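Got your viewer open? Let's take a walk through this one, selection by selection.

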Amino acid sequence: MADIKKQQELANELASKLWNMANNLRGSMEAYEFKNYILGLLFYKELSDRTEKFVENILKEDNISFKNAWENEEYKEAIVDEMLQKLGYVIEPRYLFPEMLDLIRQDKFSIDYFEEAINSIIASTQGQDSEPDFDGLFADMDLKSTKLGKEIKQRSKLIGTVLTTIDSIEVDLIDTDVDILGTAYVYLIGLFAQTAGKKGGEFYTPTNMSKLVARLATLGLTRVKTVCDPACGSGSLLLKVGDYADVTKYYGQEYTSSTYNLARMNMILHNIDYNNFNIINVDTLEDDTNFEKERFTVQVANPPYSAKWSADKKFLDDDRFSQYGKLAPSSKADYAFLQHMVYHMDMGDSRIAVLLPHGVLFRGNSEETIRKYLIKNLNLIDAVIGLPANCFQGTPIPVCCMVLKKERNGNSDNICFIDASKDFEKGDTQNYITDEHIEKIVTAYKNRVDIDKYCHIATLKEVEENDYNLNIPRYVDTFEKEEDINIIAVQKQLLQHKEDSKAIDEKLNSFLSQLGF
């Protein structure tokens with residue numbers, strides 16, 4: 001069995017090397033800009049490694065090398081067919097990662113040659129089922145950018161250094177029980193998000209927050225037909241759902257093109273077959289054409305908080321929003337995302353777990369109308385969970401997790417409220433929740449019994465009496481009564497302090513007098 005701790009240390013070592021290199025070699029780029037190159041090169045190596053292992057396996061009984069087989073037309077045709085069917089792409093022997101390293105060692109590596117290799121991979125997918133998943137995948141890695149160096153030789157040296165650094169840890173790998181590259185990849189995404197500020201953090205949900213959302217969404221499920229994230233970022237939430245249930249197909253929508261590419265890389269990097277995911281680059285709220293007819297078993301999301309959207313009146317005729325009679329305000333798209341997800345819920349036991357700002361629980365006007373409709377007319381809201389402040393990159397605000405279910409399983413007359421805002425660990429730059437905190441939340445949600453100052457199961461009548469305001473303090477009383485103060489005892493203590501102080505002064509004056517002062 002693999003030494004898990006050792007494997008994680010190796011992953012951190014790789015990430016640390018790449019991070020240091022990003023800071024030392026990025027030239028005129030910011031570290032987070034350089035991520036497109038580092039992650040793209042990491043991904044290229046992964047594709048190469050998988051190609052080598054795959055071809056070695058299919059040729060193991062033929063006693064012939066990949067290079068020699070490629071020169072034989074009959075072998076070559078069979079290998080290409082197998083690659084396209086099983087991997088979805090083709091890498092020729094001359095473009096494999098070890099070949100690149102040989103060129104670097106001989107000082108013959110050219111960035112143009114590397115670009116040729118990438119173009120070859122993309123070209124191999126054209127006309128295949130895998131084409132949408134690879135199209136433009138390396139587009140953010142601009143190998144002609146002068147930020148890498150003004151001359152081809154400078155750019156070639158820089159990219160060669162990155163490739164060599166990526167390879168430097170491989171000598172220590174003993175087995176593949178743990179996804180070293182994948183672990184380092186996720187770690188790097190977190191580092192880049194932290195340094196990029198709010199904008200860079202849009203595509204990254206902290207690991208344990210992803211765990212919490214995925215567990216809440218899959219509680220009681222072992223198989224999930226479809227899972228979707230309408231603001232999928234790097235795809236971390238989607239992948240976490242796959243850690244807790246057997247997912248047949250993953251769907252994702254992402255507006256930012258570079259992040260969309262990360263999500264597709266992440267799917268392939270985590271061994272999700274190209275036939276089993278469909279990630280699209282789209283403005284989810286403004287254009288639902290691609291997924292209009294799709295319905296999902298599980299939906300998870302950490303959409304941008306209180307983002308702006310058009311709120312165009314045409315959406316009053318859009319089936320996603322029309323039944324509510326009101327649109328989310330143009331300055332706050334939170335409920336628009338939630339309405340979109342509700343529309344795409346499948347029949348049967350379908351669920352939503354979504355992270356949103358606390359304002360959605362109590363804000364008025366159109367948001368109040370939508371909230372009331374979700375509770376009174378649709379009765380979908382199953383739980384509202386308050387989370388600690390300062391747990392997300394780019395915003396210090398506390399966030400809540402709302403859980404919605406199509407089938408309430410005997411809980412259709414109540415909503416579970418949990419106040420987990422005080423359960424966190426302090427980090428250097430932001431707070432985080434632990435596995436123990438996650439377990440506490442999930443257990444309370446599953447058991448649905450009142451817990452003093454932590455959990456309350458509110459009846460719908462109780463919610464109605466609160467005018468459909470879901471603000472957690474209305475349901476979970478966290479007030480801590482202050483200890484009674486004995487005024488007489490305190491007065492006696494003050495008098496005693498005065499007497500003690502007087503005695504000290506007298507003694508001090510005596511010493512000063514003896515010293516001639």
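Which helix does Asp49 lie in? Select residues 31-59 and you have it: that stretch is helix α2, and Asp49 sits in it. Keep in mind as we go that this is a predicted model.

**Stop one: Asp49**

Is Asp49 buried or exposed? Its relative accessibility is 18%, and because the cut-off for buried is under 20%, Asp49 counts as buried. Now show the side chain of Lys45 as well: a polar contact of 2.6 Å joins it to the side chain of Asp49.

**Stop two: some salt bridges**

The structure holds 20 salt bridges, and we'll drop in on a few of them. Start with Lys86 and Glu82, whose side chains meet in a salt bridge at 3.7 Å, N to O. Color residues 73-86 to bring up helix α4; the two residues are four apart in this helix, which means about one helical turn separates Lys86 from Glu82. Switch on a surface and check both ends of the pair: Lys86 is partly exposed at 45% relative accessible area, and Glu82 is partly exposed too, at 29%.

Next, select Glu92 and Arg94. They form a salt bridge in which the closest N and O atoms are 2.9 Å apart. Arg94 has a relative accessible area of 41%, so this residue is classed as partly exposed. Add Glu116 to the selection, since there is a network to see here: Glu92, Arg94 and Glu116 are linked by salt bridges.

Now jump along the chain to Asp349 and Arg351. Their side chains meet in a salt bridge of 3.0 Å, N to O. Asp349 is partly exposed at 24% relative accessibility, whereas Arg351 is buried, with a relative accessible area of 4%.

**Stop three: Gln299**

Keep Arg351 on screen and select Gln299, as the two are in contact. Where does Gln299 sit? You'll find it in strand β4, residues 298-301. With a relative accessible area of 1%, Gln299 is buried. Follow its side chain and you arrive at the backbone oxygen of Met341, 2.7 Å away. To see who else surrounds Gln299, leave out residues up to four places away in sequence; the contacts then include Cys228, His344, Met345, Ile352 and Ala353.

**Stop four: the sheet**

Switch to cartoon. What is the strand order in the open sheet? Reading across its nine strands, you get β3-β2-β1-β4-β5-β7-β6-β8-β9, with mixed pairing. Select 277-281 and 455-459 to pick out the edges: these are β3 and β9, each with a single partner strand, so one side of each has no neighbour in the sheet. From one strand to the next, the twist averages 15°.

Zoom in on β5 (residues 351-357) and β7 (residues 399-405). This pair runs antiparallel and is joined by seven bridges. For a landmark, pick Leu355 and look for Cys401 in β7, standing opposite.

**Last stop: helices across the sheet**

Select residues 334-343 to get helix α13, which lies across β2 (246-254), β4, β5 and β7. The angle between α13 and β5 is about 175°. Then go to residues 435-447, helix α15. What lies beneath your selection? This helix lies across β6 (381-386), β7, β8 (414-419) and β9, running at about 160° to β8.

How values were computed. Residues numbered from 1 in each chain as written. Predicted model: local features only at pLDDT ≥ 70, side-chain atom pairs only at ≥ 80, totals over all residues. Heavy atoms only, no water. Buried < 20%, exposed > 50% of the residue type's maximum accessible area, 1.4 Å probe, protein only. Polar contact = N/O pair within 3.5 Å; in protein donor to acceptor, adjacent residues only side chain to side chain. Contact = heavy atoms within 4.5 Å. Salt bridge = Lys/Arg side-chain N within 4 Å of Asp/Glu carboxyl O. Pairing = 2+ DSSP bridges. Axes fitted to C-alpha atoms, helices over the stretch in contact; angles between N-to-C directions.
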